[in-house]
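Me: Hi! I've got a structure open and I'd like some help reading it. Can we go through it together?

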Amino acid sequence: MSKFLKPLVSATGALSASLLASPAFAAWQVNLTPGVTELSKQAYSLHMTILEICTGIAVVVFGAMIYSIIKFRHSKGAVPDTTLLHSTKVEIIWTAIPIIILVFMAIPAARALIKIEDTRGSEMTIKVTGFQWKWQYEYLDQKVSFYSTLSRDSNFARQLNSGVDVNTIPDYLLSVDNPLVVPVGKKVRVLLTAGDVIHAWWVPALGMKKDAIPGFVNELWFKADQIGIYRGQCAELCGRDHGFMPVVVDVRSQADYDTWLKSQQSANTPAAAPAVAAAPAAEGSASSAAATPAST
Ligand SMILES: [Cu+2]
């Protein structure tokens, strides 16, 4: 082994060993998760269908290739068959079959893409604005607005020399002070933008990820069909603390959501609203923290 290759190989080995030993791999999972929305389940089934087709093609093509290489090898006295050279019939067949397969895959994929873009019939609209490094949620029809920042315990533990073992922090770097609260079974339209640089709002269980771009309004929708807390992250490298602006969506029953909304509306009185706009981080967190459990 060359003197340059040796350190490289040992470094790769050490890195692999440390990664495999990491507790992050305790929840090792190979496949995607189906998620909890109609769209995420559709994306999952599309992924499975196409994966199965690709696996079938790989088995047939590589099987035929490996079989031919072994069975008809030169040492066994095989003579090349020249009858298929420049054969129009063969050219048509091996062009037509892939086209048919691609069209077969494109139909359900196009159907899913059209559905993803179809925000008609949404029952509520929330404007989401990305900032360095927090999210603002504005419930446009309900006059509720607040900021969502990394939870205090995660934020403290992440500091250099904090002395805190991050494995003891529940949902480390994936918990916030004020999560986005939505009712279960309701079509929620999300308008996405940003106040400074490009961010991306991403919650894997909802099957949705889209860029939040300053000066533009992007749109997505989701309809969660299970009560629960779903976590995600900013998915666009947005600066120093990009890894510290998680997204948490708290899906509640309609009754629980209504109760939460009332408490938020009473906290967000008209007099308090300008103060929220003037001092985003402090006022936004404080105004809604009273009604929301800390570190969800
Ligand atoms: Cu970001």
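Reply: Happy to! Let's begin with a rule for helices: the expected span of a helix is 1.5 Å times one less than its number of residues. Keep in mind that this is a predicted model.

Me: OK, let's try the rule. What span should the 34 residues of helix H2 have, and how far apart are its end C-alpha atoms?
Reply: Helix H2, residues 38-71, should span 50 Å at 1.5 Å a residue, and its end C-alpha atoms are 49 Å apart, so the two agree.

Me: And how many of the residues in H2 are buried?
Reply: The count is 2 among its 34 residues, so to speak of H2 as hardly covered is fair.

Me: Zooming out, how many helices and strands are in the chain?
Reply: The chain has 7 helices and 10 strands. Buried residues make up 24% of its 296 residues. Of the contacts with a separation of 6 or more, 70% are between residues 24 or more positions apart.

Me: Now the sheet. What order do the strands of the open sheet have?
Reply: The order is E3-E2-E1-E5-E8, 5 strands with mixed pairing. E3 (144-148) and E8 are the edge strands, each pairing on one side only. Direction ignored, neighbouring strands of this sheet are turned by 20° against each other on average.

Me: What does pairing rely on?
Reply: Strands of a sheet pair through backbone hydrogen bonds, either parallel or antiparallel.

Me: Then is the pairing of E1 and E5 parallel or antiparallel?
Reply: E1 (residues 124-131) and E5 pair in the parallel sense, over 7 bridges. Look for Thr-125, which stands opposite Arg-189 in E5. With E2 (residues 134-139), E1 pairs in the antiparallel sense over 6 bridges, and there the bridge partner of Thr-129 is Gln-136.

Me: How many bridges join E5 to E8?
Reply: 5 bridges join E5 to E8 (residues 218-222), and these two strands run antiparallel. Leu-192 stands opposite Asn-218 in E8.

Me: Which residues of E5 are on its covered face?
Reply: Val-188, Val-190, Leu-192 and Ala-194 are on the covered face of E5 (residues 188-194), while Arg-189, Leu-191 and Thr-193 are on the uncovered one. In a regular strand the side chains alternate between the two faces of the sheet.

Me: And E4, are its residues buried or exposed?
Reply: All are buried: Leu-180 and Val-182 point one way from E4 (residues 180-183), and Val-181 and Pro-183 point the other way. E4 is joined by 4 bridges to E10 (residues 247-252), and the two run parallel. Pro-183 stands opposite Arg-252 in E10.

Me: Switching topic: which residues touch the most other members in the largest nonpolar core?
Reply: Val-128, Leu-206 and Val-249 do, in a core of 38 residues.

Me: What does Leu-206 touch?
Reply: Leaving out residues up to four places away in sequence, Leu-206 touches Gly-35, Val-36, Thr-37, Ser-40, Phe-222, Ala-224, Tyr-230 and Val-249.

Me: Last thing: what pLDDT does the chain average?
Reply: The average is 85, and 81% of the residues score at least 70. Among the elements, E5 has the highest mean pLDDT (97) and helix H7 (residues 280-289) the lowest (41). The pLDDT is below 50 over residues 18-24, a stretch with 2 contacts beyond near neighbours in sequence. Over residues 272-295 the pLDDT is also below 50, and that stretch has 41 such contacts in the model.

Me: How should I treat those parts?
Reply: Where pLDDT is low, the predicted coordinates should not be read in detail.

Key:
Residues numbered from 1 in each chain as written. Predicted model: local features only at pLDDT ≥ 70, side-chain atom pairs only at ≥ 80, totals over all residues. Buried ≥ 20, exposed ≤ 12 C-beta atoms within 10 Å, placed from the backbone. Pairing = 2+ DSSP bridges. Axes fitted to C-alpha atoms, helices over the stretch in contact; angles between N-to-C directions. Core = buried A, V, L, I, M, F, W, Y, C linked by C-beta atoms within 7 Å. Contact = placed C-beta atoms within 7 Å. pLDDT = per-residue confidence, 0-100.
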